[in-house]
Amino acid sequence: MPFGFFKGVTADVKLSDDEYVQNEKERYVPFSVNPFRERQETKHEGSPNSEEETERPPEWLELAGDLAWTASFSSLTSSTTVTEPISVWNYGVFFALTWHLWATQTTYDIKYYTNDWWHRALFASQLGIYAILAAFSGSFNVGWEVDGDAMDPFVGNNTALTAQAIRQNEVNSMTKSFRGVNIILFFSRLFLLAQYLRVIWYRRKSKQFWSWRFYLPPASTFVSALIFLGCFIMIKERDGSKSVAITQLSLWALAIFVQILASAITPEDDETILKSKATMAPRLSTLTVIIMGEGLNGICGTLRHSINSLGLTPTMVGEVIAILLVLYFIWLLYFDGFRIKNSRSRALDELWLWSHFPLHLSLIMMLEGIKNLFLLTNVLGASNLWSNAFNEVLAYQQDTGVWLEHPRLESLLLPLKMSWQQEILDVNATFNNATIANPEDDGTIANVAAWAQLIRWFWTGVHGVFLLFNEEPDPEAEFKFTTYIANNDSTIVNDNFQDDAALPEAWIGRYLELMSYTGHWLVAVSGTLLLCMAIVNIMQRRPGNRFAWGYSLHRAAIGLLLILVGGSTSNKLDSESWLYWMIPTVAIFFGLAAIIDLIILRFSIVSIRKKEKDLRGPNLDAGGEKGGYESGRGVNLRQLSELSYGQTPLRQRDATGSPRSMAEKTYPAEEAFDPYAEAGVPYHPHRQGSRGSFIDPTTQSLLGREREGGILNLLS
């Protein structure tokens, strides 16, 4: 390597090295930066100094914060399966708490974040908060004190004292979880309070404190912190009472509501006052993508088990396609349909933010329901493959008395780590051993022993199929399976041939009950998601025409229809065909919503182009009174260009319908009639002059405005 490479070891910084200088300046951040602009830094009202740098969180920092939130929520999804009503409550409450933390912190960040060490240090505290919340989510159970059945651990055939110890251990774990969650929420509010107090100090220093309502965010944060601290003290070390549990849930709701209300009535700063230019819409979009990714991750796990199990059937492939279509249509309806963000009211803007909570909750619940139902249909499909192949060899043996070698059955048994050839040897050995042990028997005992061996082996295979798709076996179902296998040979054989296999139904029914639970409300929750999209769309678009209303109304209508369908079919889980058609039904309705969206878009574009064509028109009248304009006569751009912008004389019609001159009236720049805008020609109203100064729009000539799109072609 040439020695010249090291010549810069002792050299000083060169200003000509632009990339290095710029990078170092960006990396060097002070301890604390004022989030407000100074008043003297604005030349004109509404026109901030162009040299003032904006402050916003680095993209990597925003993403890291969102991923930290995802880690805490992912811990809940991995440790809590939605298989019972109480698990739905656990999902909803924990999601509300973590979403509340994310929303309040993000609301602060998009307004007051500055790139300094103060916020970087507090960002580390946020990572710690989310990490500890994730650790406490494993034993999170909101119903352990409200309903005794909600926390009833399976004790099997243990003694009474052992069962009591098992339950007490569960109670201790849940108590620690609740106390841990409360104290972490308390510290999270303290950190946020410190950030708001710093903002208050800078607000007074910058003379931007013009309303007492700026005290509301820190005050509500302080009240919320006290509420969480009170819940921490209220939860006892041992089993609590029902009233204490209900009080805690009510106080949690109050803490969240207090901060929502305070944020809704806090006045908004002018956009030229704050240095931060971040907005909430991209952060919500990122969070929606993360939630969809978390749901997709669970579905992919089930698909992985399907691929590694007994094999895929056409029905399984169809389910996979339907799931992918659902995700694709959700993406179209949310991300492609929500591009307008009009904020005219602080309260409505806050309502728009918090309306994403039911949207996100219904989204993750729908994806969790799809995962469980997909799991169920895959288990049923794999079990059918296994039982059909087994019935073939069984029928052949009954016809010929010979056990058939079945290569397909052998291949199906490989994922279960079982062998049909080995089972033939075991059955024959069992028959021979029973015959030797009972020499006076006429073969009945030996036949019963052989059949019991085969029946146990078959149901062990079915049990293996269930375990392939359930990484955490259910204790109650496993206990019932073990009890069934331990029965004597006569009980096993009699149950199989006389009672239609009633004994295996105990543990199979338990697994099917858990996996099919989400089928009761999957379709209805999918409709709720569409209804939430309609509500969010209304608050985001603030529709002012029939097409804008159409986007929301058709989603609401389809969502309500899905809710009705889900309600009428919630108890039809005994129909295997409906189980297989549930996910495709959701995909069809979401696809219908996406298609109607595109149809409305087509009609809207046709209407827009028609009106643009009417505005441009072929009639560019060069005659008439200077500056005269009447509907249907077009715009004389040559004559209008001679007038100063903002003082355009117009001819309008009064209430009686007769033309009246408005040449004497002067309009502000933002209200003046703009022929360039009417002609569809883009421009920059604040065009810089040759010396870099801004030209006041009220004195700028129309001909002096920056032209784009070939305006001279319209004048010819």
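**View 1. Aromatic rings that pair up.** In this predicted model, the count of aromatic pairs comes to 32. Some of those ring pairs join up into a cluster made of W386, F390, W403, W420, W457, F458, W459, F466, F481, W507 and Y511. W420 is worth a second look, since it turns up again in the next view.

**View 2. The largest nonpolar core.** Here we're looking at a core of 130 residues, where W99, M366, W420 and F590 have the most contacts inside it. Helix α11, residues 356–400, supplies the largest share of this core, with 21 residues. Zoom in on M366 and, once its neighbours within four places in sequence are left aside, you'll find it touching V326, I330, L522, V525, S526, L529 and F590. Another core lies apart from the big one: it has nine residues, including Y108, Y196, V199 and Y202.

**View 3. R198 meets D116.** The model has nine salt bridges by count, and one of them pairs R198 with D116, with the closest N and O atoms 3.2 Å apart. R198 belongs to helix α5 (residues 160–205) while D116 sits in the loop between α3 (85–112) and α4 (117–136), so this pair ties together parts 82 residues apart in sequence. R198 counts as buried because its relative accessibility is 9%. D116 counts as buried too, at 0%.

**View 4. R203 and its two partners.** R203 and D269 meet through their side chains in a salt bridge of 2.9 Å, N to O. That links distant parts of the chain, with R203 in helix α5 and D269 in the loop between α7 (242–265) and α8 (280–308), 66 residues apart. With a relative accessible area of 1%, R203 is buried, and D269 counts as buried at 9% relative accessibility. R203 has a ring for company as well: its charged end sits over F214, 3.6 Å from the ring's centre. Next along the chain, R204 lies over the face of F209, at 4.3 Å from the ring centre.

**View 5. D597 and R555, helix to helix.** The side chains of D597 and R555 form a salt bridge of 2.6 Å, N to O. D597 is in helix α20 (residues 576–616) and R555 in helix α19 (residues 546–568), so to speak two distant parts of the chain, 42 residues apart, linked by one pair. D597 is buried, with a relative accessible area of 9%, and R555 is buried as well, at 0%.

**View 6. A salt-bridge network.** D474, E476, K480 and R510 belong to one network, joined by salt bridges that share partners.

Definitions and conventions. Residues numbered from 1 in each chain as written. Predicted model: local features only at pLDDT ≥ 70, side-chain atom pairs only at ≥ 80, totals over all residues. Heavy atoms only, no water. Phe/Tyr/Trp six-rings, centres within 6.5 Å; stacked < 30°, edge-to-face > 60°. Lys NZ or Arg CZ within 6 Å of the ring centre and 35° of its normal. Core = buried A, V, L, I, M, F, W, Y, C linked by side-chain atoms within 4.5 Å. Buried < 20%, exposed > 50% of the residue type's maximum accessible area, 1.4 Å probe, protein only. Helix = DSSP H or I, 4+ residues; strand = E, 2+ residues; numbered from the N terminus. Contact = heavy atoms within 4.5 Å. Salt bridge = Lys/Arg side-chain N within 4 Å of Asp/Glu carboxyl O.
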